[in-house]
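Subject: Structure for your files, with notes

Hello,

Here is the structure you were due to receive. Please open it alongside this message; the notes on what was found follow below.

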Amino acid sequence: MEFDLRLLIVLLPVLAAGGWALYNVAPIAIKQVQAFFNKP
């Protein structure tokens, strides 16, 4: 099966946006989870 370059061109911005969103949200999410587990 030959890999279609058009697929990569379509997926690359989607993956970049998803990665950037995760990169921005991860620290906030981790703080929320830590706060939740640190509750007495």
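A residue counts as buried under 20% relative accessible area, as exposed over 50%, and as partly exposed in between. Alanine 17 has a relative accessible area of 47%, so alanine 17 is partly exposed. Please keep in mind throughout that this is a predicted model.

Overall layout

The protein chain has one helix and zero strands. Taken along the principal axes, its C-alpha atoms fill a box of roughly 55 × 20 × 5 Å. The chain has 40 residues, of which 0% count as buried. It exposes about 4,100 Å², and 75% of that is supplied by carbon and sulfur atoms.

The helix

Helix H1 covers residues 5–38. It has 34 residues and spans 47 Å from its first C-alpha to its last, close to the 50 Å expected at 1.5 Å a residue. Where does H1 bend? The bend is at valine 25 and comes to about 40°, with a proline, proline 27, following within four residues.

Alanine 17, mentioned above, has its place in H1. Its C-alpha atom is separated by 18 Å from that of arginine 6, and the two residues are eleven residues apart along the chain.

The salt bridge

How many salt bridges does the structure hold? There is one. Side chains of opposite charge can pair when their charged atoms come close. Here the partners are aspartate 4 and arginine 6, whose closest N and O atoms are 3.0 Å apart. Are the two partners alike in exposure? For aspartate 4, the relative accessibility is 33%, so this residue counts as partly exposed. Arginine 6 has a relative accessible area of 60% and is therefore exposed.

The nonpolar patch

Phe3, Leu5, Leu7, Leu8, Ile9, Leu11, Leu12 and Leu15 form a nonpolar patch on the surface. Together these residues have about 820 Å² of accessible area. One of them, isoleucine 9, lies in helix H1. Its relative accessibility is 56%, so isoleucine 9 counts as exposed.

The aromatic pairs

The structure holds two aromatic pairs. In one, the ring centres of tryptophan 20 and tyrosine 23 are 5.5 Å apart and the planes are at 20°, so this pair is stacked. Both residues lie in helix H1, three residues apart, which is about one turn of the helix. Tryptophan 20 has a relative accessible area of 53% and is therefore exposed. Tyrosine 23 also counts as exposed, because its relative accessibility is 59%.

Phenylalanine 36 and phenylalanine 37 form an aromatic pair that is edge-to-face, with 5.5 Å centre to centre and 75° between the planes. Both phenylalanine 36 and phenylalanine 37 are exposed. For phenylalanine 37, the relative accessible area is 63%, so the residue falls in the exposed class. Phenylalanine 37 lies in helix H1. Its C-alpha atom is separated by 22 Å from that of asparagine 24, with the two residues 13 residues apart along the chain.

In brief

The chain comes to one helix and zero strands, and 0% of its residues count as buried. H1 bends by about 40° at valine 25. The side-chain contacts described here are the salt bridge between aspartate 4 and arginine 6, the stacked pair of tryptophan 20 and tyrosine 23, and the edge-to-face pair of phenylalanine 36 and phenylalanine 37.

Regards

How values were computed: Residues are numbered from 1 along each chain as its sequence is written. This is a predicted model: local features need pLDDT of at least 70, side-chain atom pairs count only at pLDDT 80 or more; totals for chains, interfaces and linings use all residues. Side-chain values use heavy atoms; hydrogens and water are left out. Patches are made of residues with over 30% relative accessible area and no salt bridge: like charges are joined within 9 Å, nonpolar side chains (Val, Leu, Ile, Met, Phe, Trp, Tyr) within 5 Å. Accessible areas come from the Shrake-Rupley method with a 1.4 Å probe; for residues, only the protein chains shown count as cover. A salt bridge is a side-chain nitrogen of Lys or Arg within 4 Å of a carboxyl oxygen of Asp or Glu. Helices (H or I, at least four residues) and strands (E, at least two) are DSSP runs, numbered from the N terminus. Buried means under 20% relative accessible area, exposed over 50%, partly exposed in between (1.4 Å probe, protein chains only). The expected span of a helix is 1.5 Å times one less than its number of residues. The bend at a residue is the angle between axes fitted to the seven residues ending there and the seven starting there. Rings of Phe, Tyr and Trp (its six-membered ring) pair if their centres lie within 6.5 Å; planes under 30 degrees apart count as stacked, over 60 as edge-to-face and the rest as tilted.
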